[in-house]
Amino acid sequence: MSMALKTPSAGVVTHALGDVYRRLAAVCEALTVRVAEPGDGVREMGVPEPGFTAQELMSDRGALDAFVDVEVARIRDRHGVTARRHVAASRALHDYAWSVGLLTAGAWFLERRVPRIRPRDLWLDLASGTYVITPGRELACLTDDALAGLPDVLTIHQEAGLRTALRAAVADHMRPLLAAFGPVARRGARPLWGMVGDDLVSGIWYLGRMLDREREAVRAATDVLPAAVPPYPSGAGFRRLTDEDGRTYTTRTRTGCCMFYAIRPAEACVTCPRTGDAERLRRLRD
């Protein structure tokens, strides 16, 4: 009897996560992710080689080198320059951290559920530059959630505790990846964790803009990182800029550089420390 009860319960969680991942993929054009059906692996979906799991990326230097090689080629195709290897590694890591952060924080923002994404459940398709995620069975939620009390579901009593679970879920997933990438990207712990924090915040912000809920998303991202919370070295740090017509715009300054300036020096990111407020206003008005 207990086995008959546990199996459907696990399926409920998996299907719920698959649904929210698909919703995120549909809303967020920049999120290049496909969702595997529960019980199906990426090969059952017909995903071609070459590719590997995030677990292999973290543990196999050959897989990591292949990942960076693809990013070097992608930068060359898109921008007509050959990026230095440590720059390409930082760019690849930034894309990965942003994607994982958005999948995790997006589920929290939309449904107040925090999934635990296992590295073996995330497939990197090198040919297309997309990710394939197999929904897992582990998540955290509030006590009034319909999934509370099911196997592998951590029930949390307060919103603050759920935000703690969100920070931990992203950090636990990214920690072994940062250890693997650090020597290739030539960056230490603080700038690497700064990048992860930036991508967590910017993913929530981006989702809010896509849903026409920017103010709510800015408040939510600020609640997640109100200040430095180890291992994240700084808070969300949103601020408002006002132009000569009295219109205001939301901005923030990144803590960990995404290295785009090293590819297109004249086009640093709008949140880059190198981009002054006058230039930010010019771009935000356009």
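How many residues does the largest nonpolar core have, and which of them have the most contacts inside it? The model on screen is a predicted one, and its largest nonpolar core is a good place to begin the tour. That core has 86 residues, and those with the most contacts inside it are Leu57, Phe67, Tyr96, Trp108, Met174, Phe181 and Ile204. Helix H4, residues 85-111, gives the most to this core, contributing 16 residues. In soluble globular proteins, nonpolar side chains tend to be buried together.

**Stop 1: Met174 and Phe52**

Select Met174, one of the residues with the most contacts inside the core, and display its surroundings. Leaving aside residues up to four places away in sequence, Met174 touches Leu93, Tyr96, Ala97, Trp193 and Val196.

Next, select Phe52, which lies in strand S2. Phe52 counts as buried because its relative accessibility is 7%, under the 20% cut-off. With residues up to four places away in sequence again set aside, the contacts of Phe52 are Leu57, Ala63, Ala66, Phe67, Leu122, Trp123, Leu124 and Leu126. For a sense of scale, draw a distance from Phe52 to Val224: these residues are 172 apart along the chain, and their C-alpha atoms are separated by 31 Å.

**Stop 2: helix H3**

Now select residues 61-79, which form helix H3. This helix has 19 residues and reaches 27 Å from its first C-alpha to its last, close to the 27 Å expected at 1.5 Å a residue. Within H3, the buried residues are Ala63, Leu64, Phe67, Val68, Val70, Glu71, Val72, Arg74 and Ile75, a list in which Glu71 and Arg74 appear beside residues such as Leu64 and Phe67. To see what these buried residues pack against, show strand S2 (51-53), helix H2 (54-59), H4, S4, strand S5 (130-133) and helix H5 (159-185).

**Stop 3: the largest pocket**

Keep H3 displayed, since H3 gives the most to the lining of the largest pocket, with 7 residues. The space in this pocket comes to about 1,100 Å³, and the elements that give two or more residues to its lining are H3, H4, S4, S5, helix H6 (189-210) and strand S9 (248-251). To centre the view, select Ala30, Arg91, His94, Asp95 and Trp98, which lie nearest the centre of the pocket among the 37 residues that line it. Colouring the lining by class gives 18 nonpolar, 9 polar and 10 charged residues.

From Arg91, move to Ile263, which touches Ile75, His79, Val81, Val87 and Arg91 when residues up to four places away in sequence are not counted. Ile263 is found in the loop between S9 and H8 and is buried, with a relative accessible area of 7%. A C-alpha to C-alpha distance from Ile263 to Gly136 spans 36 Å, for a separation of 127 residues in sequence.

**Stop 4: the largest cavity**

Gly136 leads on to the largest cavity, which it lines together with Leu17, Tyr21, Pro115, Arg116, Ile117, Arg118, Asp121, Ile133, Thr134 and Pro135. There is 1 cavity of 30 Å³ or more, and the volume of the largest cavity is about 40 Å³. Its lining divides into 6 nonpolar, 2 polar and 3 charged residues.

Among these lining residues, select Ile117, placed in the loop between strand S3 (113-115) and strand S4 (122-125). Is Ile117 buried or exposed? Ile117 is buried, because its relative accessible area is 10%, under the 20% limit. Its contacts, not counting residues up to four places away in sequence, are Tyr21, Val100, Leu103, Thr104, Ile133 and His173. Ile117 and Pro135 are 18 residues apart in sequence, and their C-alpha atoms are 7.7 Å apart in space.

**Stop 5: backbone details**

Finish with a few places where the backbone torsions deserve a look. Arg186, in the loop between H5 and H6, has a positive phi of about 60 degrees although it is not a glycine; Arg186 is exposed, with a relative accessible area of 67%. Met259 likewise is not a glycine and has a positive phi, of about 70 degrees. The loop that holds Met259 runs between S9 and helix H8 (277-285), and Met259 counts as buried at 10% relative accessibility.

Last, select Pro230 and Pro231, where the peptide bond from Pro230 to Pro231 is cis, with omega near 5 degrees. Pro231 is found in the loop between helix H7 (214-224) and strand S8 (239-242).

Terms used: Residues are numbered from 1 along each chain as its sequence is written. This is a predicted model: local features need pLDDT of at least 70, side-chain atom pairs count only at pLDDT 80 or more; totals for chains, interfaces and linings use all residues. Side-chain values use heavy atoms; hydrogens and water are left out. On a 1 Å grid over the protein atoms alone, a cavity is a set of points where a 1.4 Å probe fits but cannot get out, and a pocket is an open set with protein on both sides within 12 Å along at least five of seven lines; lining residues have an atom within 4 Å of a point. Grid points are joined across faces, edges and corners, and a volume is the space filled by probe spheres set on the points. Ala, Val, Leu, Ile, Met, Phe, Trp, Tyr, Cys and Pro count as nonpolar, Asp, Glu, Lys and Arg as charged, and the others, Gly among them, as polar. A nonpolar core is a set of buried Ala, Val, Leu, Ile, Met, Phe, Trp, Tyr and Cys residues joined through side-chain atoms within 4.5 Å. Buried means under 20% relative accessible area, exposed over 50%, partly exposed in between (1.4 Å probe, protein chains only). Helices (H or I, at least four residues) and strands (E, at least two) are DSSP runs, numbered from the N terminus. Contact means heavy atoms within 4.5 Å. The expected span of a helix is 1.5 Å times one less than its number of residues.
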